[in-house]
Amino acid sequence: MATASGVVITVAGPGKVGSVFRRRSPSRSSSASWSSAGLYRVRPRGPAYSGSPRIVLRRSPRCEVKADLEEKSAAAASVSALEQFKISADRYMKERSSIAVIGLSVHTAPVEMREKLAVPEAQWPRAIGELCSLNHIEEAAVLSTCNRMEIYVVALSWNRGIREVMEWMAKTSGIPVSELRQHLFVLRDSDATRHLFEVSAGLDSLVLGEGQILAQVKQVVRIGQGSGGLGKNIDRMFKDAITAGKRVRSETNIASGAVSVSSAAVELALMKLPKSHSTSARMLVIGAGKMGKLVIKHLAAKGCKKVVVVNRSVERVDAIREELKDIEIIYRPFSEMLSSSAEADVIFTSTASETPLFLKEHVEALPPVGFEVGSIRLFVDISVPRNVGSCAANLDHARVYNVDDLKEVVEANKEDRLRKAMEAQSIITQELKRFEAWRDSLETVPTIKKLRSYADRIRVSELEKCFQKIGDDALTKKMRKAIEDLSSGIVNKLLHGPLQHLRCDGTDSRTLDETLENMHALNRMFSLDTEKAILEQKIKAKVEKTQS
């Protein structure tokens with residue numbers, strides 16, 4: 001357990017280090033403890049009287065005095081709130097905006113909880129917008145799959161930002177924060193980035209090395225860019241994660257022999273069937289999306305010759321039929337789902353439905369299956385939220401398996417894939433260093449811009465004085481250009497040394513601490529004060545957005 005400013009956070013998940021929450025520079029590593037009455041909760045009271053100035057209301061002198069006092073008090077409260085925010089910038093200066101991931105996965109939470117927190121892909125932009133509207137969150141991204149629901153954010157304040165995201169998760173899922181904490185993992189900065197890189201590479205998947213997660217990470221970038229919520233930090237982090245995922249798959253053999261969730265579902269079903277009838281059992285696949293298509297593909301690879309597919313449209317089924325020639329694919333519309341289920345021994349479900357397709361009464365109404373397949377109908381549900389209600393699992397003539405039950409298949413070749421994962425970690429570390437060098441370099445960008453602007457203002461001012469002394473009559477266009485070039489050259493050469501010492505992109509031996517010391521020195525010498533100005537601007541924008 002890690003406790004931060006009264007917020008208790010449970011850090012779970014294999015290999016996740018929850019205690020490394022400090023900056024590398026000792027001078028910037030600790031944050032001030034804040035009172036429970038958070039600054040962002042300060043709201044100026046509205047005026048006691050409002051209306052068109054042309055409307056005259058009869059009020060006693062005492063009422064007018066009281067109204068004036070209330071209006072002045074409200075105005076003073078508004079100014080006081082903004083001043084308080086301005087002062088609070090000093091507190092924010094003690095900690096850099098943090099990248100954080102708050103979430104749960106198949107490793108930390110059961111499917112019952114994951115499905116309550118799951119956010120359908122179509123709702124990712126709405127979720128990102130709501131997260132970015134939180135007082136202490138600048139950027140956000142949502143990665144919600146059958147095995148995980150993770151929220152990546154850039155937080156102005158670590159403690160408050162995490163608390164706000166947890167409260168948002170509790171509100172959207174209906175699960176109390178106290179219960180959520182038992183299953184959530186929270187990672188910060190380099191730990192959060194490494195986690196995403198491992199996710200993208202398939203190292204954190206239930207099925208080590210599976211490829212579908214990389215496509216889902218790409219989808220986060222595509223949808224996030226459309227919603228405008230990613231921001232430069234998370235956008236770059238996800239793009240670097242995609243690069244890491246591609247490198248791991250191309251430079252190691254982690255994907256060779258690795259199974260996907262869909263193939264593990266097929267393996268599990270065949271394990272539960274009598275061997276003599278494992279490939280002749282009547283197979284039904286409900287949903288012809290990516291997961292459903294992979295189920296059909298793996299059934300064909302295992303020797304199944306026929307499968308019935310229930311889907312809302314026939315076009316997707318036709319496309320799968322064109323691609324997979326080794327298996328007979330029969331299409332049925334959704335209206336025939338129950339009648340098709342009555343004729344099936346094994347039913348795979350993989351739809352995006354937010355409500356169960358099969359309840360207890362539906363399964364009870366299905367006719368019994370033959371003794372040759374064990375007299376038990378198998379439901380293999382790889383959807384989150386689940387397509388088969390948990391109440392159906394207690395019936396004698398049916399067995400229901402979900403994504404959490406696939407671990408039985410995964411354990412079979414886990415040892416071999418763990419050896420491959422060790423090779424992948426060196427690539428992850430390389431990509432992590434590259435991302436951190438880029439992010440470190442961002443700290444000095446405002447100072448570089450301010451210093452250049454400061455020097456350029458002096459150059460332009462002195463240039464104008466020079467031109468006035470020479471006079472327009474004596475100045476030819478060529479002379480003016482030569483003098484301008486001379487002034488620019490002098491400024492660039494003078495700035496070259498200081499600006500070189502403000503860069504920390506991994507191309508030299510300079511450490512981040514040295515670079516930050518140089519930045520603070522230049523800020524003092526030239527009165528640039530860039531960091532505080534930027535933070536004040538961010539805080540003020542958040543306050544005004546909250547008050548409007």
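User: Why are α9 and α10 called oblique to each other?

Analyst: The axes of helix α9 (residues 261–272) and α10 cross at roughly 50 degrees and come within 8 Å. Angles under 35 degrees count as roughly parallel, over 145 as roughly antiparallel, 65 to 115 as roughly perpendicular and the rest as oblique. The angle of α9 and α10 falls in the last group, and the pair is therefore oblique. Axes here are lines fitted to C-alpha atoms, for helices over the stretch in contact, and angles run from 0 to 180 degrees between N-to-C directions. This is a predicted model, in which local features need pLDDT of at least 70 and side-chain atom pairs count only at pLDDT 80 or more, while totals for chains, interfaces and linings use all residues. Residues are numbered from 1 along each chain as its sequence is written, and side-chain values use heavy atoms, with hydrogens and water left out.

User: In which hand does α9 pass α10, left or right?

Analyst: The crossing of α9 and α10 is right-handed. A crossing has that name if the near helix is turned clockwise from the far one by less than a right angle, and is left-handed if the turn is anticlockwise.

User: Which residues of α9 and α10 make the contact?

Analyst: On α9 they are Val261, Ser262, Ser263 and Val266, and on α10 they are Met291, Leu294, Val295, His298 and Leu299. Contact means heavy atoms within 4.5 Å. By class, the contact of α9 with α10 holds six nonpolar residues, three polar ones and no charged ones. Ala, Val, Leu, Ile, Met, Phe, Trp, Tyr, Cys and Pro count as nonpolar, Asp, Glu, Lys and Arg as charged, and the others, Gly among them, as polar.

User: Which strands does α10 touch?

Analyst: Helix α10 (residues 290–301) packs on the sheet and touches β7, β8, β9 and β10 (346–349). The direction of α10 makes about 160 degrees with that of β7. Helix α11 (residues 314–323) lies across β8 and β9, at about 180 degrees to β9.

User: What makes β9 and β12 the edges?

Analyst: The open sheet has six strands in the order β9-β8-β7-β10-β11-β12, with parallel pairing. β9 (328–333) and β12 each have a single partner strand, so one side of each is left without a neighbour in the sheet. Neighbouring strands are turned by 20 degrees against each other on average, direction ignored.

User: How many bridges join β7 to β8?

Analyst: Strand β7 (residues 283–286) and strand β8 (residues 306–311) are joined by four bridges and run parallel. Two strands pair if DSSP finds at least two bridges between them, so the four of β7 and β8 meet the condition. Met283 has Val307 in β8 as its bridge partner.

User: Why do β4 and β6 stand at the edges?

Analyst: Their open sheet has four strands in the order β4-β5-β3-β6, with antiparallel pairing. β4 and β6 each have a single partner strand, so each has one side without a neighbour in the sheet. Strand β3 (residues 98–105) pairs with β6 over four bridges, and Gly103 stands opposite Phe185 in β6.

User: How many residues lie between β4 and β5 in the hairpin?

Analyst: Three residues lie between β4 and β5. The two strands pair in the antiparallel sense over seven bridges, and Val142 stands opposite Ile151 in β5.

User: What makes β4 mostly covered?

Analyst: Seven of the eight residues of strand β4 (residues 137–144) are buried. Buried means under 20% relative accessible area, exposed over 50%, and partly exposed in between (1.4 Å probe, protein chains only). Over the chain, buried residues make up 48% of the 548 residues.

User: Why does Ser375 count as partly exposed?

Analyst: Ser375 has 35% relative accessibility, which puts it between the two limits, so it is partly exposed. Ser375 lies in the loop between α13 (360–365) and β11. Its phi is positive, about 60 degrees, although Ser375 is not a glycine. Most residues other than glycine have a negative phi, and most peptide bonds are trans.

User: What kind of peptide bond joins Val384 and Pro385?

Analyst: The bond between Val384 and Pro385 is cis, with omega about 5 degrees. Pro385 is in the loop between β11 (377–381) and β12 (398–401).

User: How many helices and strands are in the chain?

Analyst: The chain has 19 helices and 12 strands. Helices (H or I, at least four residues) and strands (E, at least two) are DSSP runs, numbered from the N terminus.
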